[in-house]
Amino acid sequence: MKKEEMWQAIIHCDTTYDDKFYYGVKTTGIYCRPSCKSRVPNIENVCFFVTQKEAEEAGFRPCKRCRPDAFPYDPIAKQTKEIIDQHFHDPTQLNLNLKNMGVTRKHAGEVFKKQYDITVSDYIRQTRMAHARQLLQKGLSILDVSLETGYQNISSFYDHFHRETGMSPARYRQIFAKDISRAQMETPIGKLQLMASKDAILCIERSSVSMDSMIHADTSGELIETCCKELKEYFDKKRTSFDLPLILEGTDFQKQVWQQLQTIPYGQTRTYGEIATQIGRGRASRAVGMANHNNPILILVPCHRVIGADGSLTGYAAGLEAKKFLLTLEKMIK
């Protein structure tokens, strides 16, 4: 079996590969089944084994979550796991099947916890999160992913996903989706990281060492190339507006703020209070400031044009020096 095939089985938590191979994670010293619902490790930290004995002789200990050393399974625990694996995306059917197992939910939960060292509710959540990562890697919308993983409340999905991965669903998709084009660009305000789908720009942000290490390939496409060209023209004082499609993903309030930012003319500024009033939320200037700071597309969505009520330059995701530079640049063109 090729390494790439085994790696894909791990990424997709594919149960059909269980008992065909095992993988160890060097950073934890633990070995797992391919179907393990733990967070996917970095591939450079993974080694593969044909048998449990090989993994243990290499110094790895069995994972307490997927229990590669536990066989045979307790039939109640095994049935509970199979029901969750099959119906995690359908809460109604999931609860109905668990109810019809013939044992109390409490007893099934106790047996499951003893067998897998994880509660039923945590296993359901982790199973949903593993599936969500797969769907996001395919480029599906956040709403579709939320619904297809069994979440009826998108806020709960956002919360669980962020706790599981340390980032928002939109951020995860930008980094890992296969159809996302990415490029880096040197500019007068530092290196920028650009990301786009085939249809729209998704993100322009200040590049960071941690983010650079997560993005494995530069698959720049035509839209990214156009964006780089227009940004260069902007910094060369040859462009005052942009002709690029954008997708801004956030809360309804954030989207309102970001859309209003795009109405600020080149060379002009607005205060946070003015933006709040313009979107009909006159008392929400602080919330506007937070949305402004979380703007995912720098420059094209000109959050740098928003200043304090006293004219001061307040926070900017790329730094105050960058904000000062951009405002000075725009005033130099009449």
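The paragraphs below go through a predicted model, from the chain as a whole to its sheet, a helix pair, its ring contacts and two backbone positions.

The chain has 334 residues, and buried residues make up 48% of them. Its secondary structure consists of 15 helices and nine strands. Taken along the principal axes, the C-alpha trace spans about 75 × 40 × 30 Å.

One part of the strand content is an open sheet of three strands, arranged in the order β5-β6-β7 with antiparallel pairing. The edges are occupied by β5 (181-187) and β7 (201-206); each has a single partner strand, so one side of each is left without a neighbour in the sheet. From one strand to the next, the twist averages 20°. Strand β6 covers residues 190-196 and is joined to β7 by five bridges, the two running antiparallel. Within this part of the sheet, Met195 stands opposite Cys203 of β7.

Among the helices, α3 and α4 give an example of packing. The axes of α3 and α4 (residues 91-99) come within 9 Å and cross at roughly 165°. An angle over 145 degrees counts as roughly antiparallel, and α3 and α4 are therefore roughly antiparallel to each other. The handedness of the α3 and α4 crossing is right-handed.

Contacts between aromatic rings come next. The structure holds 12 aromatic pairs. One of them joins Phe161 and Tyr172, with 5.4 Å from centre to centre and 80° between the planes, an edge-to-face arrangement. Phe161 belongs to helix α8 (residues 154-165) and Tyr172 to helix α9 (residues 169-176), so this pair ties together parts that are 11 residues apart in sequence. Both members can also be placed by their accessibility. Phe161 counts as buried because its relative accessibility is 0%, and the cut-off for buried is under 20%. Tyr172, with a relative accessible area of 8%, is buried as well.

The pair is part of a wider arrangement: ring pairs link Tyr151, Phe157, Tyr158, Phe161 and Tyr172 into a cluster. One ring of this cluster, that of Tyr151, also has a charged partner, as the charged end of Arg128 sits over the Tyr151 ring, 5.3 Å from its centre. A contact of this kind is found at Tyr17, where the charged end of Lys20 sits over the ring at 5.4 Å from the ring centre.

Two backbone positions remain. Most residues other than glycine have a negative phi. Cys13 is not a glycine, yet it has a positive phi of about 50°. This residue is placed in the loop between α1 (3-11) and β1 (22-25). Although Cys13 is in a loop, it is buried, with a relative accessible area of 8%.

Arg67 also has a positive phi, near 45°, and is likewise a residue other than glycine. Its place is the loop between β4 (61-62) and α3 (75-87), where α3 is the helix that crosses α4. What is the exposure class of Arg67? At 22% relative accessibility, Arg67 counts as partly exposed, because the class between buried and exposed runs from 20% to 50%.

Definitions and conventions
Residues numbered from 1 in each chain as written. Predicted model: local features only at pLDDT ≥ 70, side-chain atom pairs only at ≥ 80, totals over all residues. Heavy atoms only, no water. Pairing = 2+ DSSP bridges. Helix = DSSP H or I, 4+ residues; strand = E, 2+ residues; numbered from the N terminus. Axes fitted to C-alpha atoms, helices over the stretch in contact; angles between N-to-C directions. Phe/Tyr/Trp six-rings, centres within 6.5 Å; stacked < 30°, edge-to-face > 60°. Buried < 20%, exposed > 50% of the residue type's maximum accessible area, 1.4 Å probe, protein only. Lys NZ or Arg CZ within 6 Å of the ring centre and 35° of its normal. Parallel < 35°, antiparallel > 145°, perpendicular 65-115°, else oblique. Left-handed = near helix turned anticlockwise from the far one by under 90°.
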